[in-house]
Amino acid sequence: QVQLVESGGGLVQAGDSLTLSCAASGRTTSGYTMAWFRQDPGKEREFVAAISWIGGNTRYADSVNRRFTISRDNAKNMIYLQMNNLKPEDTAAYYCAVARRQSLTATGFIKSDDYDSWGQGTQVTVSS
């Protein structure tokens with residue numbers, strides 16, 4: 001099992017930017033798609049963005065497309081989520097995850113069931 005630790009969350013104002021980081025350790029993430037999800041209390045976990053092992057293939061939820069950017073540094077076993085023009089509706093706990101199976105693309109990896117390793121989450125709160 002891979003261990004994931006997110007960081008970088010906080011309280012910001014609408015329109016601000018924030019960058020989340022996720023450090024992976026334990027089992028290798030080589031060849032595995034990784035992703036960010038978010039969840040508000042009382043709601044289902046929501047897909048935000050995914051990135052393939054090589055990093056050239058990414059997927060975004062419509063709600064964050066062109067505002068958020070996912071990236072990864074395989075040498076450091078890190079993934080990142082750059083969030084720009086934040087909105088109050090972006091308020092949630094953000095989780096990083098590693099896919100259940102290896103793949104060359106992020107296509108099709110948009111459901112929480114596609115992932116089997118999760119971090120503990122980092123809270124992002126956007127005030128209006």
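How many salt bridges does the structure contain? In this predicted model, the count comes to three salt bridges, and the residues involved, Arg38, Glu46, Arg67 and Asp90, are linked in a network. Within this network, arginine 38 pairs with glutamate 46, their closest N and O atoms lying 2.8 Å apart. The two partners differ in their surroundings, for glutamate 46 is partly exposed, with a relative accessibility of 34%, whereas arginine 38 is buried, with a relative accessible area of 5%. Arginine 38 also forms a salt bridge with aspartate 90, and here the closest N and O atoms are 2.9 Å apart. Because aspartate 90 lies in the loop between strand 8 and strand 9, while arginine 38 belongs to strand 4 (residues 32-39), this pair ties together parts that are 52 residues apart in sequence.

The remaining bridge joins the side chains of arginine 67 and aspartate 90, with an N to O distance of 2.8 Å. Arginine 67 is placed in the loop between strand 6 (58-60) and strand 7, and aspartate 90 in the loop between strand 8 and strand 9, so that this pair ties together parts that are 23 residues apart in sequence. Arginine 67 has a relative accessibility of 10% and therefore counts as buried, the limit being under 20%. For aspartate 90 the relative accessible area is 0%, and this residue is likewise buried.

The nonpolar interior was examined next. The largest nonpolar core has 36 residues, and those with the most contacts inside it are Trp36, Leu81, Met83 and Tyr94. The elements that give two or more residues to this core are strand 1 (2-7), strand 3 (18-26), strand 4, strand 5 (46-51), strand 7, strand 8, strand 9 and strand 11, and of these strand 9 gives the most, with six residues. In soluble globular proteins, nonpolar side chains tend to be buried together. When neighbours within four places in sequence are left aside, tyrosine 94 is in contact with Glu6, Leu20, Trp36, Phe37, Arg38, Val48, Phe68, Leu81, Met83, Gly121, Thr122 and Val124. The contacts of tyrosine 94 thus include Trp36, Leu81 and Met83, and also Arg38, a member of the salt-bridge network.

Threonine 122, one of the residues contacted by tyrosine 94, is located in strand 11 (residues 122-127) and is buried, with a relative accessible area of 10%. A polar atom of the threonine 122 side chain lies 3.1 Å from the backbone nitrogen of glycine 9. Beyond residues up to four places away in sequence, threonine 122 touches Glu6, Ser7, Gly8, Gly9, Leu20, Ala92, Ala93 and Tyr94.

Alanine 99 lies in strand 9 and, at 0% relative accessibility, counts as buried. The C-alpha atoms of alanine 99 and phenylalanine 109 are separated by 7.5 Å, the two residues being ten residues apart along the chain. Phenylalanine 109 also appears among the contacts of alanine 99, which, apart from neighbours within four places in sequence, comprise Arg27, Tyr32, Thr33, Phe109, Asp114, Tyr115 and Asp116.

Several asparagines in loops were also considered. Asparagine 57 is placed in the loop between strand 5 and strand 6 and counts as buried, with a relative accessibility of 18%. A polar atom of the asparagine 57 side chain lies 2.5 Å from the backbone nitrogen of alanine 106. Once neighbours within four places in sequence are excluded, asparagine 57 is in contact with Ala50, Ile51 and Ser52, as well as with Thr105, Ala106 and Thr107.

Most residues other than glycine have a negative phi. Asparagine 77, although not a glycine, has a positive phi of about 55°, and is found in the loop between strand 7 (68-73) and strand 8 (78-83). With a relative accessible area of 33%, asparagine 77 is partly exposed. Asparagine 85 likewise has a positive phi, of about 45°, without being a glycine, and is located in the loop between strand 8 and strand 9 (92-102). The relative accessible area of asparagine 85 is 43%, and this residue is again partly exposed.

Terms used
Residues numbered from 1 in each chain as written. Predicted model: local features only at pLDDT ≥ 70, side-chain atom pairs only at ≥ 80, totals over all residues. Heavy atoms only, no water. Helix = DSSP H or I, 4+ residues; strand = E, 2+ residues; numbered from the N terminus. Buried < 20%, exposed > 50% of the residue type's maximum accessible area, 1.4 Å probe, protein only. Polar contact = N/O pair within 3.5 Å; in protein donor to acceptor, adjacent residues only side chain to side chain. Contact = heavy atoms within 4.5 Å. Salt bridge = Lys/Arg side-chain N within 4 Å of Asp/Glu carboxyl O. Core = buried A, V, L, I, M, F, W, Y, C linked by side-chain atoms within 4.5 Å.
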